[in-house]
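Morning, everyone. I have one structure to walk through today. Please bring it up on your screens.

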Amino acid sequence: MIVKAIPTNIITGFLGVGKTSLIKQLLKTKPEGETWAVLVNEFGEVGIDAGLMDASDSGVQIREVAGGCMCCAAGVPTQVAINQLIARARPDRLLIEPTGLGHPNEIIKVLSAPHYHNVISLQSTLCLVDARKLRDERYHGHDNFIQQLQVADVIVTTKTDLYPEFEAAEGGRLAEDLSQYLNELQLSDTRVVEHNASQGLSETLLDSLKQPRRQKALNGKSAAFTPVTASASFLRKPTDNLALQSVFAEEASEQGFQFDARGLVRKHNQGEGCFSCGWVVEPMQEFDFDKLMQFISAQTQGHSALLRLKAVMITSDGIAGINWSDGDMAVTELDDSLDSRLEMIATEALNWDAIEQALLDCLVV
């Protein structure tokens with residue numbers, strides 16, 4: 001039985017800004033004896049971020065909602081996933097990471113519903129921003145990017161260790177660019193906190209998580225209840241039988257993958273001007289690490305439309321977590337994985353058949 005509302009933070013931001021990395025750092029600050037839950041939504045259909053978090057602490061429970069459907073106006077997939085986490089984990093804190101192409105307003109609307117008032121205590125919403133992207137119209141003028149900033153209680157500038165090199169090459173000051181941009185959006189009063197992942201979490205950032213959410217006006221309405229119109233989002237999914245389930249049901253049907261004769265599953269998604277393709281490979285198949293890295297290099301350098309590539313892969317040298325965005329790539333060693341998964345997100349449909357064959361060529365035979 002829940003006797004205290006669960007402190008809950010939404011951590012939003014556009015593709016590749018470092019949301020998953022920040023959550024990994026936050027999980028390390030979890031007090032001993034507490035249980036924290038993480039709900040992750042991805043634009044792609046195969047679900048990789050939970051694997052990249054590699055949460056080995058038994059006090060951390062992670063649940064994924066793939067395919068971008070967390071941000072549906074109906075909110076049923078979100079509610080089912082949240083209710084499962086609450087019922088199973090009974091967390092002391094809940095962290096929610098929406099897809100970088102999602103509409104966080106819709107999640108805030110769901111969490112602000114009356115039946116959650118005694119269950120969830122909605123605290124600060126963080127929006128992560130890489131200020132180097134402000135000169136890129138794919139970000140600067142994107143409706144979702146703007147909405148993520150509008151609903152934020154705190155704006156967190158990430159990857160700040162890379163700013164000096166960028167400023168030297170491009171000229172100008174990124175802090176001034178961000179300040180001017182926020183002024184244009186009438187968000188100059190929103191708190192801005194710097195975050196350098198290599199230096200850990202500042203006390204300022206940690207303290208900001210504990211603050212109650214502000215009710216901000218957005219176009220004359222409360223930000224928590226500003227609807228997304230039917231034409232604004234292509235990420236909507238039919239609720240199907242989920243709508244028939246109780247809001248506080250502990251169980252929901254979770255569809256498994258059906259592998260083909262090659263031990264492979266391929267999934268697509270499309271919306272918000274982006275295309276994704278993801279692959280899942282049976283766990284008994286192993287990838288040659290060197291060939292895999294050559295494949296990753298070829299993909300990230302060969303497609304100007306590519307925005308993100310992330311993967312959790314079982315290789316001959318162990319389990320590799322791979323995270324690439326706009327020239328920045330991190331490769332980490334993970335402890336465990338149920339299978340191999342790779343996802344690519346681009347601004348146009350790529351030659352997925354050719355990419356798939358190149359990926360299969362990396363298997364150990």
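In which strand does Thr-8 lie? Thr-8 belongs to β1, residues 6-13. Before going further, a caution: this is a predicted model.

Let me stay with Thr-8 for a moment. Buried or exposed? Thr-8 is buried, because its relative accessible area is 0%, and the cut-off for buried is under 20%. Its side chain reaches the backbone oxygen of Ile-6 at 3.0 Å. Leaving aside residues up to four places away in sequence, Thr-8 touches Leu-94, Ile-96, Leu-111, Ile-120, Ser-121, Leu-122 and Gln-123. Across the strand pairing, Thr-8 stands opposite Leu-94 in β4. β1 and β4 run parallel and are joined by 3 bridges. Helix α4, residues 104-111, packs on the sheet there. α4 touches β1, β4 and β5, and its direction makes about 170 degrees with that of β1.

Now the overall picture. The protein chain has 365 residues, and 55% of them count as buried. It holds 11 helices and 15 strands. Take the contacts with a separation of 6 or more: 76% of them are between residues 24 or more positions apart. The chain exposes about 16300 Å², with carbon and sulfur atoms supplying 49% of that area.

On to the sheet that holds β1. What is its strand order? Read across, the order is β3-β2-β4-β1-β5-β6-β7. That makes an open sheet of 7 strands with parallel pairing. At the edges are β3, residues 60-65, and β7, and each pairs on one side only. Neighbouring strands are turned by 20 degrees against each other on average, direction ignored.

Look at β6 in this sheet, residues 154-157. Which residues cover its two faces? Val-154 and Val-156 are on one side, Ile-155 and Thr-157 on the other, and all are buried. On the β5 side, 4 bridges join β5, residues 120-129, to β6 in parallel. Leu-126 stands opposite Val-154 there. On the β7 side, β6 pairs with β7, residues 191-194, again in the parallel sense and over 4 bridges. Val-154 stands opposite Arg-191 in β7.

Back to β4, residues 93-97, for Glu-97. Is this glutamate buried or exposed? Glu-97 counts as buried because its relative accessibility is 3%. What does its side chain meet? A polar contact of 3.1 Å joins it to the side chain of Thr-20. These two residues are 77 apart along the chain, yet their C-alpha atoms are separated by 7.7 Å.

Second sheet. Here the order is β10-β11-β15-β12-β13-β14, an open sheet of 6 strands with antiparallel pairing. Why do β10 and β14 each have a side without a neighbour in the sheet? β10, 264-271, and β14, 328-334, stand at the edges with a single partner strand each, so one side of each is left without a neighbour. The average turn between neighbouring strands of this sheet is 10 degrees, direction ignored.

One pairing to point at: β11, residues 274-281, with β15, residues 340-346. The two are antiparallel over 7 bridges. Gly-278 stands opposite Glu-343 in β15. Helix α11, residues 352-360, packs on the sheet and touches β10, β11, β12 and β15. Its direction makes about 30 degrees with that of β11.

Then there is helix α10, residues 289-302. α10 lies across β12 (306-315), β13 (318-325), β14 and β15, running at about 175 degrees to β12.

Within β12, find Val-312. Val-312 is buried, because its relative accessible area is 5%. Its C-alpha atom is separated from that of Glu-343 by 9.4 Å, with their positions 31 residues apart along the chain.

Last item: cysteines. How many disulfides does a search of the whole structure find? The search finds 0. Cys-127 is buried, because its relative accessible area is 1%. Cys-274 is buried too, with a relative accessible area of 5%.

That's my tour. Over to you for discussion.

Technical notes
Residues are numbered from 1 along each chain as its sequence is written. This is a predicted model: local features need pLDDT of at least 70, side-chain atom pairs count only at pLDDT 80 or more; totals for chains, interfaces and linings use all residues. Side-chain values use heavy atoms; hydrogens and water are left out. Buried means under 20% relative accessible area, exposed over 50%, partly exposed in between (1.4 Å probe, protein chains only). A polar contact is a pair of N or O atoms within 3.5 Å; within protein, one must be able to donate a hydrogen and the other to accept it, and residues adjacent in sequence count only if both atoms are side-chain atoms. Contact means heavy atoms within 4.5 Å. Accessible areas come from the Shrake-Rupley method with a 1.4 Å probe; for residues, only the protein chains shown count as cover. Two strands pair if DSSP finds at least two bridges between them. Axes are lines fitted to C-alpha atoms, for helices over the stretch in contact, and angles run from 0 to 180 degrees between N-to-C directions. A disulfide is a pair of cysteine sulfur atoms within 2.5 Å.
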